[in-house]
Amino acid sequence: MRIADVLRSKGSAVATITETTTVTGLLAELATHNIGAMVVVGQDGVVGMVSERDVVRRLHERGAELLRCPVSEIMTSVLVTCTPADPVDDLSALMTNNRVRHVPVLDNGRLAGIVSIGDVVKNRMEQLQTEQEQLQAYITRG
């Protein structure tokens with residue numbers, strides 16, 4: 001299965017935020033969308049990712065003043081990305097090896113979606129369920 005299949009199932013909508021948005025603004029958006037991370041976009045497209053974890057770690061270091069700072073100060077700018085053509089199994093390994101939970105999907109440099117570790121696990125569970133059903137059907141048919 002490919003990333004494009006996952007996006008077809010879950011949709012390609014992506015919550016984005018700009019580099020200049022404050023951390024307080026970020027937290028409001030995360031809460032509004034009930035998500036744990038957002039793609040940061042700039043004039044040239046995707047420039048980073050920022051998550052609840054980024055906020056918590058920097059808040060511990062810098063205190064409440066962080067809430068007034070722009071997202072650009074806490075975002076991850078070295079991104080792990082994938083394409084719609086990539087296999088889901090490859091993405092699973094990429095997420096594990098890079099210790100990331102959210103990966104933007106880029107199609108010819110354009111943001112085409114986002115895949116979370118939850119999406120990957122859900123996909124794998126569906127595959128296992130299908131395989132189990134096929135094996136049970138094979139066994140009962142004799």
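**Exercise 1. The end of helix H2**

Task: In this predicted model, which residue follows H2, and what is the sign of its phi?

Solution.
- Step 1. Find helix H2, which covers residues 23-33.
- Step 2. Move past its end. Asn34 follows H2.
- Step 3. Read the backbone angle. The phi of Asn34 is positive, near 55°.

**Exercise 2. The two sides of H2**

Task: Sort residues of H2 into buried and exposed, then state what the buried ones pack against.

Solution.
- Step 1. Recall the cut-offs: buried means under 20% relative accessible area, and exposed means over 50%.
- Step 2. List the buried residues of H2. They are Val23, Leu26 and Leu30.
- Step 3. Look down the axis of H2. The buried residues fall within an arc of 50°, so they line one face of the helix.
- Step 4. Turn to the other side of H2. Ala31 and Thr32 are exposed there.
- Step 5. Find the partners. The buried residues of H2 pack against S1, S2, S3 and helix H3 (52-62).
- Step 6. Place the helix on the sheet. H2 lies across S1, S2 and S3, and runs at about 130° to S2.

**Exercise 3. The sheet**

Task: Work out the strand order of the sheet and explain why S1 and S3 are edge strands.

Solution.
- Step 1. Write the order. The sheet is open, with three strands in the order S1-S2-S3 and mixed pairing.
- Step 2. Check the ends. S1 (16-18) and S3 (45-51) each have a single partner strand, so one side of each has no neighbour in the sheet.
- Step 3. Add the twist. From one strand to the next it averages 40°.
- Step 4. Recall how strands pair. Backbone hydrogen bonds do the work, in parallel or antiparallel fashion.
- Step 5. Apply this to S2 (residues 37-42) and S3. The two run antiparallel and are joined by six bridges.
- Step 6. Match residues across the pair. Val41 stands opposite Val46, and Gly42 stands opposite Gly45.
- Step 7. Close the turn. A hairpin of two residues joins S2 to S3.

**Exercise 4. Salt bridges**

Task: How many salt bridges does the whole structure hold, and which parts of the chain do they link?

Solution.
- Step 1. Count them. The search finds four.
- Step 2. Start in helix H1 (residues 3-10). Asp5 and Arg8 are three residues apart, which means about one helical turn separates them. Their closest N and O atoms are 2.3 Å apart. Asp5 is partly exposed at 27%, while Arg8 is exposed at 62%.
- Step 3. Go further along the chain. Lys10 pairs with Asp119, with the closest N and O atoms 2.8 Å apart. This pair links distant parts: Lys10 is in helix H1 and Asp119 in helix H5, 109 residues apart. Lys10 is partly exposed at 37%, but Asp119 is buried at 16%.
- Step 4. Take Glu73 and Arg62. Their salt bridge spans 2.8 Å, N to O. Glu73 lies in the loop between H3 and helix H4 (88-98) and Arg62 in H3, so the pair ties together parts eleven residues apart in sequence.
- Step 5. Look for a network. Salt bridges link Arg62, Glu65 and Glu73.

**Exercise 5. Inside the fold**

Task: Is Asn123 buried or exposed, and what does it touch?

Solution.
- Step 1. Locate Asn123. It sits in helix H5 (residues 117-141).
- Step 2. Read its accessibility. At 4%, Asn123 is buried.
- Step 3. Set aside neighbours within four places in sequence. Asn123 is then in contact with Met1, Val6 and Val88.

How values were computed: Residues are numbered from 1 along each chain as its sequence is written. This is a predicted model: local features need pLDDT of at least 70, side-chain atom pairs count only at pLDDT 80 or more; totals for chains, interfaces and linings use all residues. Side-chain values use heavy atoms; hydrogens and water are left out. Two strands pair if DSSP finds at least two bridges between them. Helices (H or I, at least four residues) and strands (E, at least two) are DSSP runs, numbered from the N terminus. Axes are lines fitted to C-alpha atoms, for helices over the stretch in contact, and angles run from 0 to 180 degrees between N-to-C directions. Contact means heavy atoms within 4.5 Å. Buried means under 20% relative accessible area, exposed over 50%, partly exposed in between (1.4 Å probe, protein chains only). The arc is that of the directions from the helix axis to the C-beta atoms. A salt bridge is a side-chain nitrogen of Lys or Arg within 4 Å of a carboxyl oxygen of Asp or Glu.
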